[in-house]
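User: Hi! I'd like to go through this model with you and ask how some of its descriptions are justified. Could you show it first?

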Amino acid sequence: MPAFKTLDDLTDIAGKRILVRVDLNVPVTDGKVSDTTRIERVAPTILELSEKGAKVILLAHFGRPKGEPVADQSLSLIAPSVEEVLDQRVAFASDCIGDAAAAAIAEMNDGDVLLLENTRFHKGEEKNEAGFVRELAKNGDIYVNDAFSAAHRAHASTEGIAHHLPAYAGRTMQAELEALEKGLGQPTRPVVAIVGGAKVSTKIDLLSNLVSKVDALVIGGGMANTFIAAQGIDVGKSLCEHDLADTARAIMEKAKTAGCTIVLPVDGVVAREFKANAENETVDVTAIPADAMMLDVGPRSIELVNDWIGKAATLVWNGPLGAFEIPPFDKATVSAALHAAEQTKAGKLVSVAGGGDTVSALNHAGVAGAFSYVSTAGGAFLEWMEGKELPGVAVLTKG
Ligand SMILES: Nc1ncnc2c1ncn2[C@@H]1O[C@H](COP(=O)(O)OP(=O)(O)O)[C@@H](O)[C@H]1O
Ligand SMILES: O=C(OP(=O)(O)O)[C@H](O)COP(=O)(O)O
C-alpha cells in the first residue's frame, strides 16, 4: 500500500474547510443519473468528515467539456442524486473558484456539504495550471482525494492542489488500492483482460503495456472497431478512431512477441440508428454495410469471449462489449457478465471489473455483487494494472 495519510490521521477538523475530490462522472440517461455506484462509494468519506463537523466542499469533474461551461455537463444535474445518496442537504455553487465559490463557502455551517461546479469548466484544470491550482486551494484548509477513478489524471484538482494543502487519502481511495492489491497483486494465470467501451484514444496506449501482463486480451466495443479497421476492414459508420490504426497494429505486434493472444470479434450486430430497438442485423465483421454501425459483438463472438472467460483464472474487465444502454445491443455484455459471475461463484475465477459504465453494465446484468471486486475506476484501474504510477496517488505519498 502507498504510504499516505488517511482520514485516521485527520483530527480536530470541526469548522475546517475540507476540499474533497470525488468522482461524480456518473452515467446519465435522459438527464437522469442511471447508476449511483460512484456516489455511493464516496459517501462514507463525505459523511465521516461531515459528522466530525468539517465543512465538506466537493470538487469533481463531469464529462469532457474542454475548459468551458457546457449546460448538460453541469454538476447541478448530479447534485440531487448526491443529496439522495447522502440523505443530507447538498448546496451547490455555480463555479469551483472565484466569487461564487467563496460566497457559497462563507455561508456554510460546520458539517455542511457543498458541491462546486465542474472543475473542467476551466482550462486550468486539465492543464494543471499553477494559477488555477492556487484559486482552487484558496477555498480549503485541507485536501482529501477520494477519486481513485480519476487518479490517473495529473489535473489541478487531482494532483496540483495536493502540493498546496495538507493532503489525505479518502476511504474509497484507500479501499480501492487495498482491494486491487489483494485481488490482482499476484494474479493467478491465465489472466484474461476484456477491454471495450468508447474511450478509445485515452485507453489504447495502455493496451500496449497490458499485453505484456496478461495472457489474452479480448477487445470489444468501440475499441474493437478500431482494431478491425486497422486490419484494412471497412467498419462503415461504427465508432472507430481511424487515426489510431498504426497504434492498434503496433499493439498486435507487441502482443505476438509477448505471447498474449488478442481476441477480436468475428461478427457484430449492426444498425443504422443509435437508439433502443433500432432495426438491426448480425453480420460478419468483414461485411459491415457502409451505412451501418456495429453496436454490439455478435453471437459467435460472444461464444469466443465466454470461452476465454472459461479459460481464465483471473479476469480484468473494463469497457462494455457493446452499447449496452440501448437494447438489444446489451446482449454480449450481459452474457459475458453472467458467465464471469457464474465462474466466480463456482470458485473458478477471480473477477475484477471497473469503470463508470462497466459498473453500470454489471448492475444492468444484475451481477455486480457476484464479481470478486468491482472498482469504480476504468482507466485508472488499467493503468494501475500496468504498474504505472498514478499521479493522484503518488502526490499523496509525498508527505
Ligand atoms: N460498439 C459500440 N459503439 C458505440 N458505443 C459503444 C460501443 N461499445 C460500447 N460503447 C459505449 O461505450 C461506453 C462506455 O465506455 P467507457 O467510458 O470507455 O467505459 P467505462 O466508463 O466503463 O470506463 C458506453 O456508453 C457504451 O454505450
Ligand atoms: O469516468 C472516468 O474514467 P473511466 O471511464 O475510465 O471509468 C473518470 O471519471 C475519468 O474520466 P476521464 O477519462 O474523462 O478523465
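User: Which class, nonpolar, polar or charged, has how many residues in the shell around ligand 2?

Analyst: Happy to help! Bear in mind that this is a predicted model. The shell around ligand 2 has 7 polar, 4 charged and 2 nonpolar residues. The closest of the 13 surrounding residues are Asn25, Gly355, Gly356, Gly378 and Gly379. Gly is counted as polar here, so the glycines in that list go into the polar class.

User: How do you know which domains supply the shell around ligand 2?

Analyst: The domain assignment of the chain gives domain 1 as 7-174 and domain 2 as 187-386. At least three residues of the shell come from each of these two domains.

User: What makes domain 1 and domain 2 count as being in contact, and how many residues take part?

Analyst: Contact requires C-beta atoms, placed from the backbone, within 7 Å. On that basis, 16 residues of domain 1 touch 12 residues of domain 2. The C-alpha centres of the two domains are 31 Å apart. On the domain 1 side, helix α1 (residues 37-51) gives the largest share, 3 residues. By class, that side has 7 polar, 5 nonpolar and 4 charged residues.

User: Why is α11 called roughly perpendicular to α12?

Analyst: Helix α11 (residues 331-345) packs against helix α12 (residues 356-365) at about 75°, and their axes are 9 Å apart. Angles of 65 to 115 degrees count as roughly perpendicular, so α11 and α12 get that description.

User: Which residues meet there, and what is the class of the contact?

Analyst: From α11 come Thr333, Val334, Ala337 and Leu338, and from α12 come Ala361, Leu362 and Ala365. The contact divides into 6 nonpolar residues, 1 polar and no charged.

User: What makes β11 and β17 edge strands?

Analyst: The open sheet has 6 strands in the order β11-β10-β9-β15-β16-β17, with parallel pairing. β11 (261-263) and β17 (373-375) each have a single partner strand, so one side of each lacks a neighbour in the sheet. On average, neighbouring strands of this sheet are turned by 15° against each other, direction ignored.

User: How do you know that β10 and β11 pair?

Analyst: Pairing calls for at least two bridges between the strands. Strand β10 (residues 216-219) and β11 have 3 bridges in the parallel sense, so they qualify as a pair. As for one bridge partner, alanine 216 is matched with threonine 261 in β11.

Technical notes: Residues numbered from 1 in each chain as written. Chains lettered and ligands numbered in written order. Predicted model: local features only at pLDDT ≥ 70, side-chain atom pairs only at ≥ 80, totals over all residues. Domains from an automatic or database assignment. Contact = placed C-beta atoms within 7 Å. Helix = DSSP H or I, 4+ residues; strand = E, 2+ residues; numbered from the N terminus. Axes fitted to C-alpha atoms, helices over the stretch in contact; angles between N-to-C directions. Parallel < 35°, antiparallel > 145°, perpendicular 65-115°, else oblique. Near = placed C-beta within 6 Å.
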